[in-house]
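Here's a quick briefing to read alongside the structure. Have a look at the picture, then work through the points below.

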Amino acid sequence: MKKLMVGMALTATLATAVTPGFGSIGGNQEKAYAAATVTYKVTASKLNVRSGAGTTYGIIGSVVKGQTLSVMSKSGSWYKINYNGRTGYVSSDYVQASGTATPPAESTTYTVTASTLNVRSGAGTNYASIGSVTKGQKLSVVSKSGSWYKINYNGRTGYVSSDYVQASGTTTPPAESTTYTVTASTLNVRSGGGTNYASIGSVTKGQKLSVVSKSGSWYKINYNGRTGYVSSDYVQASATTSPKLVVDSFKTLGNAQQVILVTADNYDTKSAKIQTFEKVDGKWKQVLTANGVLGQKGFALSKKEGDMESPTGKYTIGTAFGRYANPGTKLPYRKITANDVWVDDSKSSLYNTWQQKPANGRWTSAENMDIPAYDYGFVINYNESRTPGKGSAIFFHVGTNYTAGCTATSKEQVVSILKWLNPEKNPVIIQSPVSELDKY
């Protein structure tokens with residue numbers, strides 16, 4: 001297998017003789033440089049290249065020991081590099097810099113101005129707080145979305161209000177979900193943000209650009225594996241239309257702002273797709289997608305006790321539960337004990353309720369709750385009228401094979417969903433074959 005080629009060593013150049021230009025379209029210029037060179041070499045046997053400056057970002061490839069990197073800048077403990085024609089990030093802990101120059105810091109500093117500023121999981125005050133930053137703290141800003149900065153926060157993605165952050169410098173982060181299109185027939189790409197910088201190439205009308213940031217009237221772009229600059233006068237920035245989500249067409253959601261959607265290809269399959277959606281500023285956004293399982297016999301046309309099928313329909317979310325301490329859910333949480341059972345005796349007055357042993361004649365059959373499948377989960381509020389024989393103990397819980405009528409997924413995903421659910425957002429769960437989603 002061939003080694004991945006990342007690029008040449010970074011050469012920082014300083015112009016000593018400049019011939020001013022007369023615009024952004026066409027023309028050739030000459031430039032003299034005094035170079036200060038530094039080489040960045042990988043010290044780890046194998047080092048992941050990520051799509052952002054943090055371990056929570058996806059891996060887009062790797063580099064190997066001794067490989068020389070083309071470093072663009074440094075952000076915290078991460079180097080921004082040119083990687084096979086695209087931008088990547090590697091941990092500076094595993095890169096040795098030899099020489100006197102250092103990579104340029106990101107050109108704008110973002111400083112917190114509030115005494116304490118919440119870091120949220122999404123761009124809005126309706127998202128949960130995942131931590132906080134304090135006055136004077138410097139932030140690693142990835143992009144800006146409306147009045148919110150997307151930041152790297154302790155190795156994960158967070159959002160802070162831009163009202164309480166002071167940006168010093170000339171560069172602004174690019175807006176999220178924006179397409180940048182060339183409007184000039186031919187547009188020079190320059191080595192710096194100005195017409196006095198040399199042209200390193202060109203782009204043509206209709207071409208889409210990969211914009212890193214904006215500095216004054218110049219866009220900093222990724223150009224054929226290196227950094228370039230183009231005049232913003234000849235680039236049209238337009239918001240990208242978000243693809244329509246399945247929940248956008250639902251008519252029965254009422255005041256629900258969180259939806260768990262469980263779908264299957266047909267009634268007879270036990271395999272399911274689990275998706276979660278949240279409404280933010282009046283628009284639905286997808287949060288999670290995971291594989292899941294249903295009852296052994298799939299979905300039920302009309303659920304009955306013991307049929308090994310999962311009920312279809314739209315239901316509210318009940319109590320969260322688990323055999324361990326609350327993992328961080330905002331739902332009411334109940335820790336399971338060895339005596340906890342769920343009554344499935346249709347003749348009992350306690351049918352479809354959570355009770356504790358001993359039965360003392362109150363029921364003849366009940367499901368033991370103290371089992372691994374219920375390490376974590378929540379109650380799906382099915383058959384709340386407790387109609388005898390219509391089905392009981394319908395949960396969302398841990399499992400990867402099949403269930404007796406519940407919905408299940410991996411423990412990691414169950415915990416993630418529990419942490420996400422917020423009773424103030426009136427969450428619901430919808431379970432349906434794909435062909436019948438128009439009912440909702």
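Which residues have the most contacts inside the largest nonpolar core? They are Ile260, Val262, Phe378, Phe396, Ile417, Leu421 and Ile429, in a core of 28 residues. Keep in mind that this is a predicted model, where local features need pLDDT of at least 70, side-chain atom pairs count only at pLDDT 80 or more, and totals for chains, interfaces and linings use all residues. Residues are numbered from 1 along each chain as its sequence is written, and side-chain values use heavy atoms, leaving out hydrogens and water.

**The chain overall**
- You'll find one helix and 37 strands here; these are DSSP runs numbered from the N terminus, with at least four residues for a helix (H or I) and at least two for a strand (E).
- Of the 440 residues, 47% are buried, meaning under 20% relative accessible area, while exposed is over 50% and partly exposed is in between (1.4 Å probe, protein chains only).

**The core**
- A nonpolar core is a set of buried Ala, Val, Leu, Ile, Met, Phe, Trp, Tyr and Cys residues joined through side-chain atoms within 4.5 Å.
- Helix H1 (411–420) is one of the elements that each supply at least two residues of the largest core, and strands E24 (258–264) and E25 (271–280) are also among them.
- H1 gives the most, with five residues.
- Ile429 touches Ile260, Val262 and Phe396, among others, not counting residues up to four places away in sequence; contact means heavy atoms within 4.5 Å.

**Helix H1 and Gln413**
- Gln413 sits in helix H1.
- Leaving aside neighbours within four places in sequence, Gln413 is in contact with Leu288, Thr289 and Ala290.
- Gln413 and Ala290 are 123 residues apart along the chain, yet their C-alpha atoms are separated by 7.3 Å.

**Salt bridges**
- The whole structure has seven salt bridges, each a side-chain nitrogen of Lys or Arg within 4 Å of a carboxyl oxygen of Asp or Glu.
- One of them joins Asp375 and Lys411 (2.9 Å, N to O).
- This pair links distant parts of the chain, 36 residues apart.
- Asp375 counts as buried because its relative accessibility is 6%, whereas Lys411, at 36%, is partly exposed.
- Both belong to a salt-bridge network with Arg323 and Asp370.

**How far to trust it**
- The mean pLDDT (the predictor's confidence in each residue, from 0 to 100) is 84, and 85% of residues reach 70 or more.
- Over residues 1–36, the pLDDT is below 50.
- Where pLDDT is low, don't read the predicted coordinates in detail.
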